[in-house]
Amino acid sequence: MKTERIYKILFSSVYPLYIQKVEKKERTKEELDIVIKWLTGYNDNQLKEQIEKKVDFQTFFEEAPQINPNASKITGVICGYRVEEIEDPLIQKLRYLDKLVDELAKGKKMEKILRE
């Protein structure tokens, strides 16, 4: 994995793709935002600000108020890697997010996605 390149990808450039992915599967931007806020601890204004500031993924996760303690319950394979086995903490958080977006797009119930 080219981690340096992944660190520098702008969250604001991927966010519209996340929206597109979930809306294609009849889910909403609001549900996507709930999932992102659950993982990162951002509130609505903070999330909007990160998008407007065009921060990269490294900054997005470094400035996250609090990664949800239940994030460690996110397991499975994403992009060919088991998320629970990824050693780089930033890459693991990024893959957690990818996994949550995938689960949302696949129609999983919000309670299951949010590990309630």
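**Note on the predicted model: helix H3, the core and the chain**

1. Helix H3 covers residues 29–40, which makes 12 residues, and spans 16 Å from first C-alpha to last, close to the 16 Å expected at 1.5 Å a residue. The model is predicted. Just after H3, Gly41 has a positive phi of about 85°.

2. Which residues of H3 are buried? They are Glu31, Leu32, Asp33, Val35, Ile36, Trp38, Leu39 and Thr40. The cover over the buried residues of H3 includes helix H2 (11–24), helix H4 (44–52), helix H5 (57–62), helix H6 (89–105) and helix H7 (110–113). On helices in general, there are 3.6 residues a turn in an α-helix, so residues three or four places apart point the same way.

3. Asp33 belongs to helix H3. Its relative accessible area is 10%, and therefore Asp33 is classed as buried, the cut-off being under 20%. With neighbours within four places in sequence left aside, Asp33 is in contact with Tyr15 and Leu47.

4. The largest nonpolar core has 37 residues, of which Phe11, Tyr18, Leu32, Leu39 and Leu97 touch the most other members. Two or more residues of this core come from each of helix H1 (3–8), H2, H3, H5, H6 and H7. H6 contributes the most to this core, giving 9 residues. Two of the H3 residues listed as buried, Leu32 and Leu39, are also among the core members that touch the most others. As general background, nonpolar side chains tend to be buried together in soluble globular proteins.

5. Phe11 sits in helix H2. Is Phe11 buried or exposed? Its relative accessibility is 0%, so Phe11 counts as buried. Not counting residues up to four places away in sequence, Phe11 touches Tyr18, Ile36, Leu47, Ile51, Val55, Asp56, Phe57, Phe60 and Leu97. Among these partners, Ile36 is a buried residue of H3. The C-alpha atoms of Phe11 and Ile86 are separated by 20 Å, and the two residues are 75 residues apart along the chain.

6. Tyr18 is another of the core members with the most contacts to other members. Which residues does Tyr18 contact, leaving aside its neighbours within four places in sequence? They are Phe11, Leu32, Phe57, Leu94, Leu97, Asp98 and Val101. Leu32, one of these, is a buried residue of H3. Phe11 and Leu97 appear both here and in the list of core members that touch the most others.

7. Gln92 lies in helix H6. At 16% relative accessibility Gln92 counts as buried, because the cut-off is under 20%. The side chain of Gln92 reaches the backbone oxygen of Val83, at 2.9 Å. Beyond neighbours within four places in sequence, Gln92 is in contact with Val83, Glu84 and Ile86. Val83 is thus named both as a contact of Gln92 and as the residue whose backbone oxygen the Gln92 side chain reaches.

8. Two residues other than glycine have a positive phi to check: Lys54, near 55°, and Cys79, near 55°. Lys54 is placed in the loop between H4 and H5, whereas Cys79 is in the loop between strand S1 (77–78) and strand S2 (81–82). Lys54 has a relative accessibility of 54% and so counts as exposed, a class that begins over 50%. Cys79 has a relative accessible area of 52% and is exposed too.

9. The protein chain contains 7 helices and 2 strands. Read along the sequence, its pattern is α-α-α-α-α-β-β-α-α. Of the contacts with a separation of 6 or more, 65% are between residues 24 or more positions apart.

10. What radius of gyration does the protein chain have? It has 13 Å, which agrees with the value near 13 Å for a compact globule of 116 residues. Along the principal axes, the C-alpha atoms fill a box of roughly 35 × 30 × 25 Å. Buried residues account for 47% of the 116 residues. The accessible surface of the protein chain is about 6800 Å², and 49% of it belongs to carbon and sulfur atoms.

Terms used:
Residues are numbered from 1 along each chain as its sequence is written. This is a predicted model: local features need pLDDT of at least 70, side-chain atom pairs count only at pLDDT 80 or more; totals for chains, interfaces and linings use all residues. Side-chain values use heavy atoms; hydrogens and water are left out. Helices (H or I, at least four residues) and strands (E, at least two) are DSSP runs, numbered from the N terminus. The expected span of a helix is 1.5 Å times one less than its number of residues. Buried means under 20% relative accessible area, exposed over 50%, partly exposed in between (1.4 Å probe, protein chains only). Contact means heavy atoms within 4.5 Å. A polar contact is a pair of N or O atoms within 3.5 Å; within protein, one must be able to donate a hydrogen and the other to accept it, and residues adjacent in sequence count only if both atoms are side-chain atoms. A nonpolar core is a set of buried Ala, Val, Leu, Ile, Met, Phe, Trp, Tyr and Cys residues joined through side-chain atoms within 4.5 Å. The radius of gyration is taken over C-alpha atoms; the globule rule is 2.2 Å times the number of residues to the power 0.38. Accessible areas come from the Shrake-Rupley method with a 1.4 Å probe; for residues, only the protein chains shown count as cover.
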